Every structure is written in C-alpha cells, then in structure tokens.
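User: I am new to this structure. Please show it, and then explain the terms used to describe it.

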Amino acid sequence: MIQLTEYETVKTWMKSAGFDREDERLGALEEYCRLVGQTPDEIIATCLKQVGDGQFKLKLKTRTKYANLIDEFQQGPSGQRRGNYVRSFLIHNGVMLTSSILR
Amino acid sequence: MEAAEFEPVGSQRSMDLFEAIGSRRSIRYFLPYRPVERWKVEMMFQAAHLSSRAVNASFIKAVAVERDSLDLETRERLKTPTNTADLDMAPMYIFTYADPTAPSVGPRRLKDLYDRGAFAPALGWSHKYIDDVIDATILQPLLKDEVESRWIASVEAAQAIAHMLLVARALGLGTCCKSFVDETAREVLNVPDHLKPIWMILVGYPAEHPSAGGQRPRPPLDQDYFWNDFETPFKATDEVTRELQRVRLLQPVAPYPWRQDEIRAIARAYGLPE
C-alpha cells in the first residue's frame, strides 16, 4: 500500500501549507479518504477537469459532494478542526471551497 | 446587533484624501458581530451621489442590505463559486447596479446644468443644441445601443463605487467588491429588470489590521501612464514619491513580516481552513 505522503497531491499540500510528515493533518486526511473510498490523488482528479495544458476547470457538483462529505466527516469532538484539515488539502490543491464561519 | 449612534466625523481624527486612497485595501476578514452604522452608509451614499457622471444622470443604483436580514439559505445562494466565508463575516452588503436607461433624462439635466451656468454659449452650448443635436445624435442612439449604454452606465457607476470605497475607509470601515449570483439578488431584493449587476460590496469593520498586510504591489507607473503619446512613458520622480510617502498615499508594499501569522490567527479564531 502506498504511503499517504507519497501521493503527489499530498506532497503539494505539505509543501504549500508548510508542514511535515509527523503532522496530525495527515491522519485526518487518511480517515477522510477511507470514508470516501478514494486516494488523495483520485479525490483531486475527480474535482478538476483538465481543459488545456496545465489548466483545469473546477467541477462544482463534485466539489459540493466532497464538501458535504466533509460536513459529515467532521461530526463529533474536534470535528471542525479535522474537517478543516481536509478542506485545507483540497484548497492547496486548487479546489476552492466556499467555507463558512457561522454554521 | 446594535450599531453605534451617529457621531460627527469632525469629532474623530479625520483621514485626508491621500491617506484614504493610500490605505484603502480589499478587506476579506470582518468582525461578524459588529454592525455597520446606518449613518456611515448614508455618508458613503452621499459621497457616491457626488461622483462625476455624464449628463448628470444617475447611472448607479445601490441597495444596502444587512446580512442578518437575509436567511442563511439565501446567503448561500448569493455565493458564486469564488465567494467564501467573507460573505458570512461582513455584516453589510451593498449591491450595486448600473442603469443603462439613465441617459434618457439627459436633455432635461443638461438644460438644467446650462441654466446653472455649468455650460454656456462660450463653449457652444444652447438649449436648442441640447435638444436638436445632443439628444438626437448622441443620447437617443446611445439608448438604443445595448452594449454602449451598458458600458457607459458601468463606467459611470464605477466612479460612484470608488467614492464609496474611499469614504468607507475614511470612516474606519473595510470593503471588498465581490461577484454575486444575480438571480438570487433579483429574487430577494426586488431589483428592477432593466438594472445590470456590477458588484456586491462587502462592508464591515476589519478583523484584520486595516493595512491588510501592506499596500498591494503595482507595476512601475511608466508601464501604465504616458506623457503626450504612448511612446513616452510617464516617469515617477523621487521628489514626488517622497512627498506621497509622507502623506501616506504611498505605503510599504505587502507583505508585512507578520502577515502570514495574522492570516493564520484569524483562520483559527473563525474556524476556517489554513
């Protein structure tokens, strides 16, 4: 089985957000991946459609699906923080999320 | 939420025009619990109302909407794919629209300006010129041209918006121009059909330092401005640059050394992703 930190999207996330492989963020992402049954690279690939050389279009319905799954994922204690780790993973890979503060 | 009562601007430290221009930023983090006073919105509107405008016509229409007057579902439906938590934080939205039919008042307004001495025969103006030439050959064709009339209405409305943003800054408020879902706004705000959407201006007290990390970088002046023709770049001078720094029109460019820590702290305080 491939280590989480070997996925390209996880490398991108770690570099862009500036954290190392000991960080608790990775555990949250791993758990989320289990929930949706996909690898990190698959999640990002599903959200972005290539429209040109190095250019991507955000697939809004797919983004909404993952955002709703994050809402489900973060139920429970410390949930908001864990949910935000997953949001951070998506955001740093170019999947802009319409996050909210007042829910 | 209860807003503070009216306070004469003269009783506060006033901010001059140079500093208001120099320190205006697009603010993206607001104090969600601190309402914007109605009188401050009134001052923004009055400033907008005095902006330069062709034929002295009202090209802008704006409606101030308290965030909490909209239910959560409506606010979510206002968000475009690039809107995010800033809409939840800002306590006030100003929806701005351009009115392409505004020049229809042109002849009446122009004759009024003539009567008030803004125009005069010395510059070739007369009531007859306004009726026979300006209206017939400029205003009426303009009103029939959807693209041109929308273009001029947007340009003139944008001048009013610029006034609003600067007065907001002078009053200690933060603003940010955002796109919005037109259909949702039309549904809840009773927007007249002929108005064209421009920006939704978020208004509120900044949760970030008002400098928002520093002045945004701009290309050298001579890249965009010229003297006499477009082959002669307009060069900035040390003397003027120093004076504009003194009056705070020119300020240190972003990012301030602490900016990333500030963004992180705000994200944590509001439970937002980092």
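The questions below take the helix contacts, a salt bridge and the chain interface in turn.

Analyst: This is a predicted model, in which local features need pLDDT of at least 70 and side-chain atom pairs count only at pLDDT 80 or more, while totals for chains, interfaces and linings use all residues. Residues are numbered from 1 along each chain as its sequence is written, chains are lettered from A and ligands numbered from 1 in the order in which they are written, and side-chain values use heavy atoms, with hydrogens and water left out.

User: Why are helix 4 of chain A and helix 5 of chain A called roughly antiparallel?

Analyst: Helix 4 (residues 60-73) and helix 5 (residues 79-92) of chain A pack at about 155 degrees, with axes 8 Å apart. Angles over 145 degrees count as roughly antiparallel, so the term applies to this pair. The axes are lines fitted to C-alpha atoms over the stretch in contact, and angles run from 0 to 180 degrees between N-to-C directions. The helices are DSSP runs of H or I with at least four residues.

User: Which residues make that contact between helix 4 and helix 5 of chain A?

Analyst: Ile70(A), Asp71(A) and Phe73(A) of helix 4 meet residues of helix 5 including Arg82(A), Val86(A) and Leu90(A); contact means heavy atoms within 4.5 Å. The residues of this contact comprise four nonpolar, one polar and three charged. Asp, Glu, Lys and Arg count as charged, Ala, Val, Leu, Ile, Met, Phe, Trp, Tyr, Cys and Pro as nonpolar, and the others, Gly among them, as polar.

User: What makes helix 1 and helix 3 of chain A roughly perpendicular?

Analyst: The axes of helix 1 (residues 8-17) and helix 3 (residues 40-47) of chain A come within 7 Å and cross at roughly 90 degrees. The range for roughly perpendicular is 65 to 115 degrees, which means that the term fits helix 1 and helix 3 of chain A.

User: How do you know that Glu24(A) forms a salt bridge with Arg81(A)?

Analyst: Their closest N and O atoms are 3.4 Å apart. The rule asks for a side-chain nitrogen of Lys or Arg within 4 Å of a carboxyl oxygen of Asp or Glu, and the pair qualifies as a salt bridge. Glu24(A) lies in helix 2 (residues 24-36) and Arg81(A) in helix 5 of chain A, so the pair ties together parts 57 residues apart in sequence.

User: How many salt bridges are there between chain B and chain A?

Analyst: The count between these chains is zero, against 24 salt bridges over all chains. The contact takes 18 residues from chain B and 16 residues from chain A.

Terms used: Helices (H or I, at least four residues) and strands (E, at least two) are DSSP runs, numbered from the N terminus. Angles under 35 degrees count as roughly parallel, over 145 as roughly antiparallel, 65 to 115 as roughly perpendicular and the rest as oblique.
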